[in-house]
Amino acid sequence: ERENPDRKNQEFLDNMIRLIERENHHSQIRASWLAFTVTRWDNICTASFCLSLLIHIVLVLGAYVPFWQRPKFDLHMAAHETLSEADVFFTTTLQPILDIVAWVLCGLLSATVVVRFVSFVHAELPNIIRVGVEEEEVDEAEADDDHTLEEEEGGEEVEEVELFAATKTLVLHVQADVDAFAALPEDEKFEAAENAVRSRTKVLRVVLMSNWFWYEVLMLLTMAFAMGLREPSFAFWPLFEMCFWKGSRTVIDAIKFNAGKMIQTFLLGLLVMYIWLLFGIWILYDQHAPDMCTNMFQCFSSYFYLTMRGDGVKDVMTDEVFSKNIIDYAVEGNMLVRTFWDMTYQFVFLYILIAIITGIVIDAFGGLRDERDAAEDDLKTSCFVCNLDRFTLDQKGPGFDKHIAIEHNPRNYFFFLLHVKMLPRSKLTSQESYVKDMVWPSSKKPGSYQWLPREKTLSLTEGDEEEVHMQSIIEQVVDQRLAATESRLLAAIAALAGSRKTVP
């Protein structure tokens with residue numbers, strides 16, 4: 001959010017915290033024997049896509065038939081086909097070899113998908129759970145601030161914080177869970193158990209709501225079906241990796257950008273089709289093609305399948321018989337009504353609604369381009385960290401390019417927070433400790449961005465020449481008034497001292 005500096009800084013800080021927590025988790029994995037789950041993740045994803053692609057290329061070139069369609073294929077070949085010498089050679093020699101190649105590739109893909117799922121669970125799923133749980137805890141904390149009363153004694157708040165920390169440890173560490181639960185007083189065990197169940201439910205809800213989790217699960221399930229049913233054509237799910245390519249993401253984002261408008265336009269087109277269906281079955285019942293519109297269900301099916309593409313309602317009607325004169329054309333066979341009915345549908349649906357859908361798609365690409373251009377312009381004209389504009393920094397500071405490269409480089413802030421997070425508190429300076437307490441507070445509240453600079457930098461000169469001139473004038477006026485006041489006070493003191501001397 002670039003229009004709101006407060007929200008921009010908060011999102012910037014939240015993203016840095018998530019990256020730091022993710023990097024902290026991955027650094028621990030890199031030090032173990034499962035380091036490949038982090039360092040080779042991209043290679044594993046690429047391998048799964050390439051193996052799936054090779055499997056389906058082999059299936060296509062090998063004229064593969066799914067196992068449940070093979071009886072129908074055999075009947076078709078026996079009834080309609082006479083095998084040539086090339087067909088016999090391909091069927092008896094090449095096809096068995098290609099089937100073996102497909103199964104070998106399918107086995108390799110199954111092993112790759114298993115390794116991929118293990119890598120996801122070990123390296124990425126904990127980050128998904130942590131981010132999701134933290135977001136829910138922040139929402140709960142905000143709701144508690146709005147709906148709960150203040151605690152009467154501060155000691156009770158400390159006990160609740162300690163209990164929350166204990167139950168959180170209960171959820172994350174099973175061995176410590178038992179010890180912490182046993183150490184609690186009897187009157188607090190029920191509450192601790194309830195909090196533990198609530199935390200586990202929260203974790204389960206975050207996992208089940210993760211699209212990435214379901215993507216990996218479905219990939220594993222499809223490969224299990226492929227190996228269990230001995231059907232290599234089920235090894236198709238890794239092909240969806242193509243959706244994460246940069247070019248594919250542009251198309252998908254454009255569809256998502258105006259998905260609501262597209263759905264509404266489709267429903268409008270469905271309504272138009274149904275209105276024309278009603279007029280067709282009311283007035284032109286006999287002029288429909290055989291088995292096209294004998295009842296409402298058949299009418300809706302044929303109209304939905306045929307008229308929303310191709311030549312419109314003409315596809316469900318009998319062939320036209322054009323009259324030789326205008327009287328026959330207007331009276332016999334409802335040809336005039338049919339012409340008006342057909343052409344209005346052609347104009348409204350095929351010309352207007354289809355053009356609207358096309359315009360919505362084009363508008364979506366234009367909207368994405370505008371958003372990208374606005375983001376690029378913002379980066380080129382204002383500092384991402386302190387929000388100072390280019391003109392101010394070029395005129396009064398060290399220059400915009402130098403400022404964003406050296407003074408307020410977002411990467412430097414990320415590395416600084418990573419440094420603060422990794423070092424023990426005993427080795428931190430007072431400023432670093434202050435920043436760490438702001439970014440990672442002890443309560444469930446989100447980190448604060450108030451330590452980030454806002455429209456200020458040490459190298460920026462104070463004000464322009466007019467402001468400096470006005471400030472000097474103000475200082476001169478104040479100095480003159482202070483001097484006049486001082487002289488009056490001295491004169492009054494001198495007069496008071498003289499009057500005391502004259503008194504006998």
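Arg454 sits in the loop that runs between H18 and helix H19 (465-502), where helices (H or I, at least four residues) are DSSP runs numbered from the N terminus. This is a predicted model, in which local features need pLDDT of at least 70 and side-chain atom pairs count only at pLDDT 80 or more, while totals for chains, interfaces and linings use all residues. Residues are numbered from 1 along each chain as its sequence is written, and side-chain values use heavy atoms, with hydrogens and water left out.

With a relative accessible area of 28%, Arg454 is partly exposed, a class that lies between buried (under 20%) and exposed (over 50%), using a 1.4 Å probe and protein chains only. Leaving aside neighbours within four places in sequence, Arg454 is in contact with Pro5, Asp6, Asn9, Cys386 and Tyr449, contact being heavy atoms within 4.5 Å. The side chains of Arg454 and Asp6 are joined by a polar contact of 2.7 Å. Val385 lies 69 residues from Arg454 in sequence, yet their C-alpha atoms are 7.5 Å apart in space.

Tyr449 is also a contact of Leu13, as are Leu417, Val439, Gly447, Ser448 and Trp451, again without neighbours within four places in sequence.

Leu13 belongs to the largest nonpolar core, which has 24 residues, and is one of those that touch the most other members, together with Phe12, Met16, Tyr413, Leu417, Val439 and Trp451. Helix H1 (5-30), helix H17 (410-422) and helix H18 (430-439) each give two or more residues to this core, and H1 supplies the largest share, 5 residues.

Conventions
A nonpolar core is a set of buried Ala, Val, Leu, Ile, Met, Phe, Trp, Tyr and Cys residues joined through side-chain atoms within 4.5 Å. A polar contact is a pair of N or O atoms within 3.5 Å; within protein, one must be able to donate a hydrogen and the other to accept it, and residues adjacent in sequence count only if both atoms are side-chain atoms.
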